[in-house]
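Me: I would like to learn how to read the way helices and strands are arranged in a model, taking one feature at a time. Could you go through it with me?

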Amino acid sequence: MEGLFESLPEGYRERLGRPGEYPFTRGIYPRMYLDRLWTMRQYAGFSTAEESNARYRYLLAQGQTGLSVAFDLPTQLGLDPDHPMSVGEVGRVGVSIATLEDMRKLFDGIPLDRVSTSMTINAPAMMLLALYLLVAEEQGVSWDKVSGTVQNDILKEYFARGTYIYPPGPSMRLVTDIFEFCARHVPKWNTISISGYHIREAGATAAQEIAFTLADGKAYVRAALERGLKVDEFAPRLSFFFAAHGDIFEEAAKFRAARRLWARIMREEFGAKDPKSWMLRFHTQTGGSTLTAQEPLNNVVRTAYQALAAVLGGTQSLHTNAYDEALGLPTEKSALLALRTQQILAFESGVTRAVDPLGGSFYVEHLTDQLEKEAERLIQEIDALGGAVAAVEAGYFQRAIEESAWQFQKEVEEGKRIIVGVNRFADPNSPLNEPTPVQRIDPELHERRKRELAEFKAKRDGESVRMGLENLRRAARGSENLFPYVLEAFRRRATLGEVCGVLREEWGEYQPGR
Ligand SMILES: C[C@H](C(=O)O)C(=O)SCCNC(=O)CCNC(=O)[C@H](O)C(C)(C)COP(=O)(O)OP(=O)(O)OC[C@H]1O[C@@H](n2cnc3c(N)ncnc32)[C@H](O)[C@@H]1OP(=O)(O)O
């Protein structure tokens, strides 16, 4: 492949750029997958820490190369299993974690210096990361060896995902505290996964996905600069998360355009000097909203094409959906098939042999330019509103996404957008409509988790816990970094609900529309 680039006409080469060079349209590494494949990181977790741990070990044994933890809704909202609002939700969409003991069980037998872990956690990101670091410590792994990612992207929770707790002001403080703490103590940790995935899943277009995500990214950078951090101190550890939907070339172009835009924003707008600060590194998940309950096996095919788009776009890490996700939680079998889908792509398809194989395609370069232009226009619109935080408060994102979602639905209903097995070739008697088994959650689980929590509380020193929580409360009233206080509270055996509860009392909860 080497000579190909040199043989291109003058001017064209400069315009195209090289992989691994600013503005990284063609990827962030000169040799991409020739040197290292993307991380195969399947989002998983359900029921108890023990059951999730067994699933993680199974997936790692099957060749998965990174972990990605799904937490249940109470955990994502900083509530313990014994909270009245947890009823019906414990262990349902992810694993239930409330204590250091739970976290220890979740990673039992998994060496935290050898595997990187992503945790989809936002409002209580600091708390779950603190528990993770304490488990690493117990394993004898020093924090500078620990690598992974917390989603920690609160802005999109307000308009696309929904698991917020506190109002934007204190929430942005927590985000920035994590940037600062990790820059000093956990240097290999990706402190945020700025997520377009949920924006897209909520109905945004590809250009909106890029624009809204990068606008959120700019808001986090501004918040950190206002805190007094230097851009090159924290920017190399910002990471991104996008969706891969079915339009292969548009999606591949989307990733290329996003990289180019972010590189420019970081270098030209924020004056970053370290090339690592310019690089947009991202995880991709295939499009959950594109999966259909009709003829579920068709989803294997959809997912494979979407994964191809992600890899053609130069993703660093990938989750391929299980075909039964429109019906319920993946079973061990469907989760394995999802992993095999990316292994076939990586090891059989030959797609990893060239770096940015689409680079120079007239069509893809054109799409890249177009998406970049449209996203840039939208980012300017958001800047004119005062940035992403102001745009959230003004309801800008919600309105824009609803409009696109409505447009999409209309096209489906009018048959202008074809979904095979749904609005074209639908057949109620299709043999592909056989019943699909889904993962079931034990109905006794909630009671069991409440008992475990009561036992945990009975064994601890109540006075020490109270002191830890009061120290956190005092710090929350001031402006110090809260991370050390959260760590201390967990060392004293406070629970997730208690730690988040103190901050709820101090800061209140976000009430949309008020
Ligand atoms: C839908 C659902 C929900 O709503 O609930 C969700 O949200 S699920 C959401 C699930 N989210 C996730 O799973 C997010 C996953 N995100 C991540 O893993 C990260 O943020 C990531 C995107 C930066 C990928 O990190 P990673 O560790 O897997 O991979 P990296 O690309 O950083 O590679 C690891 C190390 O190898 C190096 N490396 C990699 N490739 C190369 C190469 N070709 N040449 C030279 N070096 C290379 C990197 O620089 C890095 O080193 P060094 O570290 O020294 O630089």
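Reply: What follows takes the sheet, then the helices on it, then a pair of helices; please keep in mind that this is a predicted model.

Me: In what order do the strands of the sheet lie, and is the pairing parallel or antiparallel?

Reply: The sheet is open and has 5 strands, which follow one another as β2-β3-β4-β5-β6 with parallel pairing. At its edges lie β2 (43–44) and β6 (189–190), each of which pairs on one side only. Between β2 and β3 (residues 67–70) there are 2 bridges, and Y43 has S68 of β3 as its bridge partner.

Me: Which helix lies across β2 and β3, and which strands does α7 touch?

Reply: Helix α4 (residues 49–61) lies across β2 and β3, with its direction at about 155° to that of β3. Helix α7 (residues 125–138) also packs on the sheet, where it touches β4 (117–120), β5 (148–150) and β6, and its direction makes about 150° with that of β4.

Me: Why are α11 and α13 described as roughly parallel to each other?

Reply: Angles under 35 degrees count as roughly parallel. The axes of α11 (residues 206–227) and α13 (residues 248–269) cross at roughly 25° and come within 10 Å, and the two helices are therefore roughly parallel to each other. Their crossing is right-handed.

Me: Which residues make that contact, and how many are nonpolar, polar or charged?

Reply: Among them are I210, L214 and V221 of α11, together with L261, W262 and I265 of α13. The residues of this contact divide into 10 nonpolar, 1 polar and 6 charged.

How values were computed: Residues numbered from 1 in each chain as written. Predicted model: local features only at pLDDT ≥ 70, side-chain atom pairs only at ≥ 80, totals over all residues. Heavy atoms only, no water. Axes fitted to C-alpha atoms, helices over the stretch in contact; angles between N-to-C directions. Helix = DSSP H or I, 4+ residues; strand = E, 2+ residues; numbered from the N terminus. Parallel < 35°, antiparallel > 145°, perpendicular 65-115°, else oblique. Left-handed = near helix turned anticlockwise from the far one by under 90°. Contact = heavy atoms within 4.5 Å. Nonpolar A, V, L, I, M, F, W, Y, C, P; charged D, E, K, R; others polar. Pairing = 2+ DSSP bridges.
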